[in-house]
Amino acid sequence: MENVRMETKEVTVFYGQKAGVSSVSLPMYDKKITALIGPSGCGKTTYLRALNRMHDLNPIVRIEGEVLLDGENIYAADKDPVVIRRRVGMVFQRPTPFPTMSIFNNVVAGLKLVGVNNRDKLMEVAERSLKQAALWDEVKDRLSEPAVGLSGGQQQRISIARALAVEPEVLLMDEPTSALDPISTQAIEDLLATLKEEVTIVIVTHNMQQAARVSDYTAFFLNGDMIEYGPTDKIFTNPTDERTEAYITGRFG
Amino acid sequence: MNLRRRYLRDRVMVSLVFAGTIIVLLPLLFILGYVFVKGIGALDLNFFTKAPAPPGEGGGGMLPAIAGTFIIDIMALAMGGLLGLAGGVLMAEFPDHPLNNPLRMVANVLGGIPAILMGLFAFVIVVVPMGGFSAFSGSVALAILMIPIIMRSTEEVLKLLPWELREAGLALGLPRWRVTLSLILPAAKGGIITGLLLALARAAGEAAPLLFTAFGNQFLSLSPFKPMDSLPLKIYVYAISPYENWIRQAWGAALLLALLLMLTNFLARRATRR
Amino acid sequence: MLERMHGRLGDVLFTWFLVILGGAVLLIAALMAWELWSGGALAFHHFGFGGFIASSSWDAVKGQFGAWPFLLGTVITSALALTISFVPSLAAAIAIAEYTPPWLGEIIAYLVDLLAALPSVVYGLLGIFVLIPMLRNYIEQPFFTWAITKAPWLLTVLGPPTGIGMMSAVLVLSLMIIPYSSSLARDAIKLVPRSQREAMYALGATRWEVVRLVVLPYARGGIFAGVILALARAIGETMAVTMMIGNGHQLPFSVFGPAATMASVIANEFTEATGDLQMSSLLAIGFLLFLLSLLVNFIADYILRRMTAGEGRK
């Protein structure tokens with residue numbers, strides 16, 4: 001049986017008075033890929049951002065319930081969001097290379113934050129992360145060039161390498177391929193299969209085929225509620241809830 | 001983990017950011033308060049209704065400067081407004097017109113030139129040929145100051161209107177000029193007025209372009225072809241004078257001018273909001 | 001048919017009306033450059049263009065005129081004012097765009113912009129009656145007295161501690177140009193996409209680290225353009241400087257002592273100019289001021305344009 005790396009217990013996210021996500025309880029297994037699917041506006045991204053305290057940046061958002069990382073609530077009073085975000089990395093919908101930094105500095109940006117300045121150490125990490133992100137061969141000769149000169153797919157892999165460089169325990173991905181072309185999407189999907197050997201992944205996608213292809217577990221969200229959760233094969237072949245079935249067969253969303 | 005040090009730096013920098021902001025705001029609040037306290041006492045009935053008294057005598061007022069400010073600025077707004085609006089309309093409504101690129105460049109150039117040079121220019125082309133200082137020459141200087149501001153704001157607000165609006169008008173069979181005058185300009189009225197008022201506020205505070213054009217006048221004069229006084233000019237002259245009474249009135253004039261400019265700015269903001 | 005003719009004729013007339021007025025604007029700008037040049041031609045001719053710029057004597061009695069002290073005065077006061085105002089103006093921009101709730105940010109922004117709305121003569125008035133006595137009594141004189149006994153070599157650098165002079169003018173100038181650099185910096189900071197900030201936060205950055213490593217570098221074009229625009233304002237600022245700087249063109253300038261700028265000498269001497277040569281010299285200084293402003297504005301424009309072009313490409 002697999003370990004639970006991260007777990008939420010009745011997590012509710014309020015935007016002001018309105019709940020964006022209500023009472024979601026989910027396990028996220030170690031070194032597995034958990035996909036969150038559902039029509040847009042269903043709360044899957046809102047839920048994802050609760051997992052690394054990104055909502056802290058927005059003062060009107062309030063969170064109830066518990067988010068456990070290795071059994072400890074990340075919202076406990078003695079937990080620091082800056083530390084949590086290092087342990088739970090995030091990749092966004094659109095590539096977000098820092099335009100004023102070179103490829104190299106983009107990748108090691110997180111390390112420099114904590115004061116790692118040793119050039120050899122940084123180089124070593126950059127190489128490892130870029131290899132993990134399947135980008136090393138494409139950029140190894142131009143590490144000092146600006147990252148914005150790369151293609152969209154390459155930029156997204158830079159974002160992934162940057163997130164991996166700080167060696168997070170969990171990697172959150174918010175529709176990481178929605179802004180990319182099919183070939184880049186393919187490259188990133190291939191990458192996920194190897195990445196999960198080292199890191200626990202939670203991926204939001206509204207591309208059902210993608211969820212079916214890459215994930216081990218799937219949770220279906222609708223209107224802020226988590227409707228159904230289970231092993232991916234089961235959700236896609238034999239869902240329990242008729243709303244899940246309606247969604248995966250394309251009847252709405 | 002050097003987390004504590006990073007948080008310490010975070011907190012220090014936030015404090016510095018707010019300290020810097022306070023360094024900016026404190027002098028402003030001080031200026032506003034000080035001008036108000038010093039100026040309010042000078043604003044009596046005489047201030048608004050009398051011409052200046054000779055230095056030693058006391059009494060007297062600012063009537064010529066107040067009237068002059070309005071006359072000079074309104075003449076300037078009429079000239080600058082006409083030219084600025086025309087330039088703005090040309091740039092926004094006739095996007096391919098060959099004059100547009102030079103106009104845009106000139107708007108930049110004029111917008112970046114010190115106001116005192118407008119005064120020098122008006123001196124050379126108006127005062128010298130006309131044989132003397134005059135309110136009109138001051139208006140010319142201020143009008144040139146206003147043109148780039150009006151031109152740019154007009155172009156901007158007109159470009160915000162959807163191009164479909166013009167096409168709809170043309171489709172109705174209206175000629176271009178009717179579309180512009182009775183469809184486009186009314187639709188952009190608020191923004192255009194904002195531009196005009198901002199230009200007015202900018203020019204009305206300037207003394208430098210008036211030094212050798214309107215020149216100033218101790219007596220009430222309503223003729224545009226004679227020297228005329230204006231509040232900024234009067235503040236300058238009185239501020240560097242040695243007379244207690246004049247200095248007191250300079251504070252009053254400063255308060256009045258600041259209030260008028262703030263009112264104009266406020267009206268300018270309001271015009272767009274609606 | 002008649003209607004249509006009427007429309008077409010109207011269009012032609014309307015276009016011509018606009019073209020004539022637009023042409024008048026162009027003419028004004030061209031004429032301005034030309035008049036300043038030809039007004040100054042006598043001086044340029046008499047002393048030579050380079051000679052006029054490089055000469056530091058300004059003596060109406062001897063008929064010797066040179067722009068050097070004023071050029072120097074303008075450059076020194078503007079550069080110092082820019083240096084002093086940079087940090088506070090950037091701090092205000094960061095506070096407004098990053099650290100305050102929107103309602104408070106709006107109030108602060110309004111107040112900062114108000115600094116630009118106050119007339120120059122009002123700054124001058126306060127300068128004369130508040131800043132100058134304050135500087136004289138609490139800074140310049142104590143420091144000067146200290147220097148007399150402890151560091152006599154400093155005295156020539158300090159200059160006469162009357163309050164009227166370079167230091168007062170520079171301080172007021174710094175305050176006056178803050179809104180120009182601050183508002184452009186503020187706009188540029190607000191344009192930094194949220195995704196950029198979030199990406200840095202997601203790496204485990206503190207708030208300041210996000211500002212320093214992501215926000216400020218991303219907005220650097222706008223920040224720099226604002227600095228250049230503030231410089232342009234400082235170069236052309238006339239009344240407040242004229243009222244406080246003491247109008248001394250004796251080189252070398254000192255910290256406390258009187259000085260002059262291009263704008264201040266024109267404001268001060270133009271109406272009292274005796275003779276064609278002095279008049280022409282002042283117009284020639286006007287022409288140089290024109291060129292300098294033009295240069296600075298083109299630089300700011302170039303930076304702004306490159307910045308927006310860069311954003312378009314993404």
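At what angle do the axes of helix α3 (residues 68-99) of chain C and helix α9 (residues 207-218) of chain C cross? I looked that up to start with.

**Ground rules.** I'm working on a predicted model, where local features need pLDDT of at least 70, side-chain atom pairs count only at pLDDT 80 or more, and totals for chains, interfaces and linings use all residues. Residues are numbered from 1 along each chain as its sequence is written, chains are lettered from A and ligands numbered from 1 in the order in which they are written, and side-chain values use heavy atoms, with hydrogens and water left out.

**Chain C, the helix pair.** The two axes come within 12 Å and cross at roughly 110 degrees. My axes are lines fitted to C-alpha atoms, for helices over the stretch in contact, with angles running from 0 to 180 degrees between N-to-C directions. Helices are DSSP runs of H or I with at least four residues, strands are runs of E with at least two, and both are numbered from the N terminus. α3(C) and α9(C) are therefore roughly perpendicular to each other; my classes are under 35 degrees for roughly parallel, over 145 for roughly antiparallel, 65 to 115 for roughly perpendicular, and oblique for the rest.

I then listed who touches whom, with contact meaning heavy atoms within 4.5 Å. From α3(C) I get C:Leu90, C:Ile94, C:Glu98 and C:Tyr99, which meet C:Arg207, C:Trp208, C:Val211, C:Val215 and C:Leu216 of α9(C). I sorted the residues of this contact into seven nonpolar, no polar and two charged. For the record, Ala, Val, Leu, Ile, Met, Phe, Trp, Tyr, Cys and Pro count as nonpolar, Asp, Glu, Lys and Arg as charged, and the others, Gly among them, as polar.

**Chain C overall.** I found 13 helices and zero strands in chain C. The C-alpha trace spans about 75 × 70 × 35 Å along its principal axes. Of the 314 residues in chain C, 57% are buried, that is, under 20% relative accessible area (exposed is over 50%, partly exposed in between; 1.4 Å probe, protein chains only).

**Chain B.** Next I checked how helix α3 (residues 63-93) of chain B packs with helix α10 (residues 231-239) of chain B: the angle is about 140 degrees, with the axes 8 Å apart. That makes α3(B) oblique to α10(B). B:Ala65, B:Ile66 and B:Thr69 of α3(B) make the contact with B:Leu231, B:Pro232 and B:Lys234 of α10(B). The split there is four nonpolar, one polar and one charged.

**Chain A, the sheet.** I traced an open sheet of six strands in chain A, ordered β6-β7-β8-β3-β9-β10, with mixed pairing. Two strands pair if DSSP finds at least two bridges between them. β6 (88-91) and β10 (225-231) of chain A are the edge strands, each pairing on one side only.

I zoomed in on strand β3 (residues 33-37) of chain A, where five of the five residues are buried. A:Ile33, A:Ala35 and A:Ile37 point one way, and A:Thr34 and A:Leu36 the other. β3(A) runs parallel to strand β8 (residues 200-204) of chain A, joined by four bridges, and A:Ala35 has A:Ile203 as its bridge partner in β8(A). Four bridges also join β3(A) to strand β9 (residues 217-222) of chain A, again parallel; here A:Ile37 partners A:Phe220.

Last lookup: β9(A) and β10(A) pair antiparallel over six bridges, and A:Tyr217 has A:Pro231 as its bridge partner in β10(A).
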